[in-house]
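Please look over the chain below and pick out one residue to follow before turning to the whole. The report after it starts from a single side chain and its surroundings, then moves on to the loops and the overall form.

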Amino acid sequence: MTKFHLITYGCKLNHADSEVMKSLLLAENFEETTLVEADFVIINTCGVVEKTERKILKQAEDLRKNNKKIILTGCLVSISEKICEQVADAVLGVGNIDFIVEAVQVISKNKKLKLIEDKKIDKALFQKKLKLDKTDISSVVAISEGCLGSCTYCASKLARKKIKSFKINNILKEIKEKIEFGFKEIHLTSQDLAVFGFDEKEHKLLLPQLLKSISEISGDFRIKLGMMNPGQTKVIFNDLLEIMKSDKFYKFLHIPIQSGSDSVLKNMKRGYKAADVIDLTKRFRKEFPDGILATDIIVGHPTETDDDFQNTVKLINKIQPDVLHVFKFSKRKGTEDYDLKDCPDRIKKDRSRVLNNIFKKYNLKNNKKLIKTEQEILVVKKNKESFLGRTSNGQAIVLKKAIIGDFIRVKIVDCKWNYLIGEVIKA
């Protein structure tokens, strides 16, 4: 039992947890390998939607039939504890991933392990001494987990629960080490970035303070901020916009709106109104005219009427986010919305299609305006036959030839609805 394969589902926070587990295993001389060659497989699960749950459980069952030892961790373990136990040799809660090595030792003796304690570990304490992948110079750094929200549909809070902010010194140490190690792009993540420090007395450790300290780290790198709930973002927004002027930060703002209807937002217990979102986007674009605005929308909430959905359509047309993730509502056991009468799937699909078509149409039009312009970018990743770069705003640019980690100047020669296509400008 020396070779492992790690599969990660879900959000950036899960990817940060996967980095912790990988680093702990590598430190004990375990070898990361392919799924076929692995002695044991770690599946870091997501519990947001039922469809993903079914996919994860079937994958675990199939792998066990192929004589693989299975460790399940992540949110699904806390949300669907009993069924996860049935398909895995070991299950670890999100607060127990520091026991990954012990879990392997137990299952190697053909024993089972269940460890789902509701404890909060400062994951920034773990030194991520990872081998730098020459095809990707991005890394995820978690600054907190849990949230202050009470959203009626959310299953994630059943697993990660109350806010736990990691220590600023530990976060800074982790980022510095990664920059020194060669990483050039850091994704800051949590369930809600905006509430960092709100678990401290008198809220002394707020996000802008952390970001200011990050901006003072020497080196050429970029920080991409994770999602922030609009209601909490309002509290820190002035300071946030000021610190984002630093060249170290992509001019990128991810605020999940979820609905353009005040009625639905109230039923979801989101804690803000559509007007708040409009105000935030106006202020962001006034400060950063070329900034990238990302958002999430849930369609088909049980209380969403046709009029409510039309309000969402109006909001999207008004603010025109540059990145739009549309999710179809999924009932999850343990949430307040579970017992509500579900919206028919055909309506969810229709509403999702409408929003995506609106987004693709205006985003393609906006991207075409950038053709023939020149952009300064950071090359962050190599795919099979292309390279991915990001502008100072965090917008994706695909290139045929480039060098990972280079800051270069490119000319936009074409585009798709969701990315730009560039060519390197020779010096």
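Leaving aside its neighbours within four places in sequence, L388 touches L378, V379, V380, K381, N383, A396 and I397 in this predicted model. The residue sits in strand β16, which covers residues 387-391. Is L388 buried or exposed? Its relative accessible area is 17%, and because buried means under 20% relative accessible area, L388 counts as buried. A quite distant partner for comparison is A27, which is 361 residues from L388 in sequence and lies 30 Å from L388 in space, taken from C-alpha to C-alpha.

Two lysines in loops deserve a careful look, since each has a positive phi although neither is a glycine. K269 belongs to the loop that joins α10 (262-268) to α11 (274-287), and K372 belongs to the loop that runs between α13 (345-368) and β15 (374-382). The table sets out their backbone angles and their accessibility.

| Residue | Phi | Relative accessible area | Class |
|---|---|---|---|
| K269 | about 60° | 42% | partly exposed |
| K372 | near 80° | 68% | exposed |

K372 is classed as exposed because its relative accessible area of 68% is over 50%, whereas K269, with 42%, is partly exposed.

From these single residues the view can widen to the whole protein. Its secondary structure comes to 13 helices and 19 strands, and along the principal axes the C-alpha trace spans about 60 × 60 × 45 Å. How does the radius of gyration of the protein, and what would be expected of a compact globule, come out for 427 residues? A compact globule of that length would have a radius of gyration near 22 Å, and the protein has 22 Å, so the value agrees with the expectation.

Of the 427 residues, 53% count as buried. The accessible surface comes to about 20,400 Å², and 49% of that area belongs to carbon and sulfur atoms. Among the contacts between residues at least 6 apart in sequence, 72% join residues that are at least 24 apart.

The charges can be considered in the same careful way. The protein has 78 positive and 58 negative charges, and the mean positions of these two groups are 3 Å apart.

Definitions and conventions:
Residues are numbered from 1 along each chain as its sequence is written. This is a predicted model: local features need pLDDT of at least 70, side-chain atom pairs count only at pLDDT 80 or more; totals for chains, interfaces and linings use all residues. Side-chain values use heavy atoms; hydrogens and water are left out. Helices (H or I, at least four residues) and strands (E, at least two) are DSSP runs, numbered from the N terminus. The radius of gyration is taken over C-alpha atoms; the globule rule is 2.2 Å times the number of residues to the power 0.38. Buried means under 20% relative accessible area, exposed over 50%, partly exposed in between (1.4 Å probe, protein chains only). Contact means heavy atoms within 4.5 Å. Accessible areas come from the Shrake-Rupley method with a 1.4 Å probe; for residues, only the protein chains shown count as cover. Lys and Arg count as positive and Asp and Glu as negative; His and the chain ends are not counted. The place of a charge is taken as NZ of Lys, CZ of Arg, CG of Asp or CD of Glu.
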